[in-house]
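Please open the structure in a viewer and keep the selection tool at hand. The tour below proceeds from one selection to the next.

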Amino acid sequence: MMERLKGKRAVVTGGAQGIGAAIARRLAVEGATVAILDLDATAASAVLPAPHVGIACDVRDTASVDAAFAQAKAALGGVDVLVNNAGRGSAPGDGMDKYYAAQAQQAAGEAVFVDQTIHCSDEGWAGVMAVTLDGTFRCSRAAVRIMAEQGGGGAIVNIASTSGVKGDGPVPYCAAKAAVLGMTRAMARELADRGIRVNAVNPGATETPIYATLPSELKDAIAADSLMKRLAHPDEIAGAVAFLAGDDGRFATGSIVTVNGGAWFT
Ligand SMILES: NC(=O)c1ccc[n+]([C@@H]2O[C@H](COP(=O)([O-])OP(=O)(O)OC[C@H]3O[C@@H](n4cnc5c(N)ncnc54)[C@H](O)[C@@H]3O)[C@@H](O)[C@H]2O)c1
């Protein structure tokens, strides 16, 4: 494995499991020192041994984010890379329970509408946005403040989703992920003069704990949708992140790298 991130100090949000944990491990293998931010510090700390660190952080809360970045800066000696991975697909009250129930009724032959929008409360909408969109902004702001203070230079990689482009997911989730792509491009333009690159990765369906909870027929149907006839392995998403975060990606900014097994083309 090349050491494309040798000497870099990286923060990965939502890195205690799934894609985030794979990203944290990959960045560490490539030579970075990593701070993993997640809701539970113990789970975050279990992913990688010292000198890597796990730090408690709720990306829904500005004070928590700013404190976690101050801790990461102190532990790593600075921040060169941020991977905004923490995301939430659904939140209580967002209408997805009604959506799934109606899907089951429809599959059973009943003439019902499969609705989310008319059942989505303000709280359900906000619950998804708070993590997936607002959290990405808050963490980017905290990282950019540190990068600017260091004299500039740095890389931000936002984990978006093919859902944000294709619309194949909960309505607030698709909206949040599409907004993350817009934010990626706006920040890329704003921060280029500071030497800070901002890119996004759009994973397709990826084998993470959430898929373990799905009925096997649904998982098979999702896998069949890709040209590779399978889900992504989290490390396949991490590889794209390492490229964008490290010097191999030094001419990439405002880019969106889709890793979806050819489920559709961008
Ligand atoms: N799994 C997929 O198929 C898939 C596809 C496309 C995009 N994504 C995106 O990739 C990212 C990771 O997905 P995953 O499947 O590994 O998710 P996951 O649910 O397995 O892990 C998400 C992590 O984020 C943490 N987290 C949740 N809320 C948080 C908060 N408020 N503050 C800090 N941490 C928080 C969780 O504790 C967890 O460790 C997400 O942004 C997701 O939307 C996933």
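In which loop is Pro 51 found? Select Pro 51 in this predicted model: the residue is found in the loop between helix H2 (41-45) and strand S3 (53-56). The peptide bond that leads from Ala 50 to Pro 51 is cis, and its omega is near 15 degrees. As background, most peptide bonds are trans, and most residues other than glycine have a negative phi.

A second backbone feature can be selected at Lys 229. Lys 229 is not a glycine, although its phi is positive, at about 60 degrees. Lys 229 has its place in the loop between helix H9 (216-224) and H10.

**The whole chain**

Now display the entire protein as a cartoon. Ten helices and seven strands make up its secondary structure. The protein has a radius of gyration of 18 Å, close to the 18 Å that the globule rule gives for 266 residues, so it is as compact as a globular protein of that length. Taken along the principal axes, the box filled by the C-alpha atoms is roughly 60 × 40 × 35 Å.

**The ligand and its shell**

Select the ligand next, together with its surroundings. The ligand is surrounded by 28 residues, of which the closest are Gly 14, Gly 18, Gly 87, Ser 161 and Thr 208. Two or more residues of this shell come from each of helix H1 (18-29), helix H5 (122-149) and helix H8 (209-212). Which of the elements gives the most to the shell? H1 does, with three residues. If the shell is coloured by class, twelve residues appear as nonpolar, twelve as polar and four as charged.

**H1 against H10**

The next stops are pairs of helices. Two packed helices are described by the angle between their axes and the distance between the axes.

Keep H1 selected and add helix H10 (residues 234-245): the two pack at an angle of about 50 degrees, and their axes are 8 Å apart. This angle makes H1 oblique to H10. The crossing of H1 past H10 is right-handed. On the H1 side of the contact, select Gly 18, Ile 19, Ala 22, Ile 23, Arg 26 and Leu 27; on the H10 side, the residues met include Pro 234, Ile 237, Val 241 and Ala 245. By class, this contact of H1 with H10 holds ten nonpolar, two polar and two charged residues.

**H5 and its partners**

Move to H5 and add helix H7 (residues 171-191). H5 and H7 pack at an angle of about 15 degrees, with 9 Å between their axes. The two helices are therefore roughly parallel to each other. H5 passes H7 in a right-handed crossing. Among the H5 residues in this contact are Trp 125, Met 129, Leu 133 and Phe 137, while H7 brings residues including Tyr 173, Val 180, Met 183 and Leu 191. The classes here are 14 nonpolar, three polar and one charged.

Finally, replace H7 with helix H3 (residues 62-76) in the selection. H3 and H5 pack at an angle of about 35 degrees, their axes being 10 Å apart. The crossing of H3 past H5 is right-handed. Thr 62, Val 65, Asp 66, Phe 69 and Lys 73 in H3 meet Arg 138, Cys 139, Ala 142, Ala 143 and Ile 146 in H5. Of the residues in this contact, six are nonpolar, one is polar and three are charged.

Technical notes:
Residues numbered from 1 in each chain as written. Predicted model: local features only at pLDDT ≥ 70, side-chain atom pairs only at ≥ 80, totals over all residues. Near = placed C-beta within 6 Å. Helix = DSSP H or I, 4+ residues; strand = E, 2+ residues; numbered from the N terminus. Nonpolar A, V, L, I, M, F, W, Y, C, P; charged D, E, K, R; others polar. Axes fitted to C-alpha atoms, helices over the stretch in contact; angles between N-to-C directions. Parallel < 35°, antiparallel > 145°, perpendicular 65-115°, else oblique. Left-handed = near helix turned anticlockwise from the far one by under 90°. Contact = placed C-beta atoms within 7 Å. Rg over C-alpha atoms; globule rule 2.2 N^0.38 Å.
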